[in-house]
Amino acid sequence: MLASWYDDQGPAADVLHVGELPDPVPGPGEVRVRVTVSGVNPGDTKKRRGWLGSSMPFPRVIPHSDGAGVVDAVGAGVDVHRVGQRVWVYGAQSYRPFGTAAQYTVVPDHQAVPLPDHLSDELGASLGIPGITAHRAVFADGPVDGQLVLVHGILGGVGSLAAQLAHWAGATVIATVRRTADLDHVGPAVAHAIALDTGEPAAAIRSYAPRGVDRIIEVALSDNADLDNAVAANNAVIAAYATRSDRTEIPFWPLLFNNVTLRLLGSDDFPAEAKRQAARDLTSAAAVGALTVAVGDRHPLDDIAKAHDRVDAGGGHGRILVTIPQ
């Protein structure tokens, strides 16, 4: 099969190779997917760079955990009727060496999720890490029907899906963007959007949530801890999946007296059932048109280094995808 891989960590152009590797064979309980589209996440490029001192988890890595395609072979114990089924894939390179940046990938049966025929491969390849992270951030602490949910970083992959999932589940969504110019890009799932470059973002949020917000979906805890404290309702949850400072300070006593729960989210290690429930809900929401994903750059597999560089540079306002030759 044609694939991309790296044997050492480093800059994308230096370590990513494209060439022929042996076709994988599904083992018991696994399916093989012929990949059409592979999604690139910041986590994929961080692994390749050796972020935070991480080392090579396997001697050779085919990157990317997310993708979409068609099941073309199954291992022992898997229903043979799955062959020919369109699917989206999550976790392909989570604690496994070979991800979706290849013509074939092998994953446990439940990690190849049926993709309704009217949904695109591009959408399917965009649901994995960002969608499951967004789902866990929104729902880990119970239903949000009737609640006020604040989503920071609404134009990012996780933030956009979190807002749409919360809206789908009956919440009123308040969102933030970095700059006033970004307000034009906010989608219809958001009831109220605030730019953080305004003079008083906390006051603006409180004008829509006088008693405070019930959930905060946080992409930059180090930047927003004081703002979150200023707008959190009593017993609110701050669900943080990223920060820009390794040792992040928080206003501990005000948060404590407000009985705020701080939930930290590492997507590779979510409980297995939480991932399965997220996959079911993401597919259901997408099927009824409640989820859309903005696609940014598309790169062919032999141009994968540029896709990684684009993600490392911030990605812009859209999902970065790699198309796999058939």
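Trp5 sits in strand 1, the run covering residues 2-5. In this predicted model, Trp5 has a relative accessible area of 11%, which is under the 20% cut-off, so Trp5 counts as buried. Its surroundings are easy to list: Trp5 touches Val15, Leu16, His17, Val18, Gly19, Glu20 and Leu21, and also Arg60, Val61, Ile62 and Pro63, leaving aside residues up to four places away in sequence. There is a polar side to Trp5 as well, since its side chain and that of Asp7 are joined by a polar contact of 3.4 Å. Ser284 is another matter: Trp5 and Ser284 are separated by 279 residues in sequence and by 33 Å in space, going from C-alpha to C-alpha.

Another buried residue turns up in strand 15 (residues 319-323), where Arg319 is found. Arg319 has a relative accessibility of just 9%, and with the limit for buried set at under 20%, Arg319 is therefore classed as buried. What does the side chain of Arg319 make polar contacts with? One partner is the side chain of Asn41, at 2.7 Å, and another is the side chain of Asp66, at 2.9 Å. Asn41 and Asp66 also appear in the wider list of residues that Arg319 touches, together with Gly39, Val40, Ala125, Ser126, Pro130, Val293, Ala294, Val295, Gly296 and Asp297; residues up to four places away in sequence are not counted here.

Turning to the helices, helix 9 (residues 272-287) is 16 residues in length and spans 23 Å from its first C-alpha to its last, close to the 22 Å expected at 1.5 Å a residue. Its buried residues are Ala274, Lys275, Ala278, Ala279, Asp281, Leu282, Thr283, Ala285 and Ala286. The cover over these buried residues includes strand 5 (86-89), strand 7 (112-114), helix 3 (121-124), helix 4 and helix 5 (157-168). After helix 9 comes Gly289, with a positive phi near 80°.

Helix 4 (residues 129-139) deserves a second look, as its axis and that of helix 9 come within 9 Å and cross at roughly 105°. Helix 4 and helix 9 are therefore roughly perpendicular to each other. On the helix 4 side, the contact is made by Gly131, Ile132, His135 and Arg136, while helix 9 brings in Ala274, Lys275, Gln277, Ala278, Asp281 and Leu282. By type, the residues of this contact split into 4 nonpolar, 3 polar and 3 charged.

How are helix 2 (residues 42-49) and helix 10 (residues 304-312) packed? Their axes lie 9 Å apart, at an angle of about 105°. That makes helix 2 roughly perpendicular to helix 10. Here Pro42, Asp44, Thr45, Arg48 and Arg49 of helix 2 meet His308, Val311 and Asp312 of helix 10. The residues of the contact of helix 2 with helix 10 come out as 2 nonpolar, 2 polar and 4 charged.

Helix 7 (residues 221-231) rounds off the helices, with Leu221, Asn224, Ala225, Leu227, Asp228 and Val231 as buried residues. What do the buried residues of helix 7 pack against? Four strands and a helix are involved, namely strand 8 (148-151), strand 11 (213-218), strand 12 (232-240), strand 13 (261-264) and helix 6 (201-208).

Conventions:
Residues numbered from 1 in each chain as written. Predicted model: local features only at pLDDT ≥ 70, side-chain atom pairs only at ≥ 80, totals over all residues. Heavy atoms only, no water. Helix = DSSP H or I, 4+ residues; strand = E, 2+ residues; numbered from the N terminus. Buried < 20%, exposed > 50% of the residue type's maximum accessible area, 1.4 Å probe, protein only. Polar contact = N/O pair within 3.5 Å; in protein donor to acceptor, adjacent residues only side chain to side chain. Contact = heavy atoms within 4.5 Å. Axes fitted to C-alpha atoms, helices over the stretch in contact; angles between N-to-C directions. Parallel < 35°, antiparallel > 145°, perpendicular 65-115°, else oblique. Nonpolar A, V, L, I, M, F, W, Y, C, P; charged D, E, K, R; others polar. Expected span 1.5 Å × (residues − 1).
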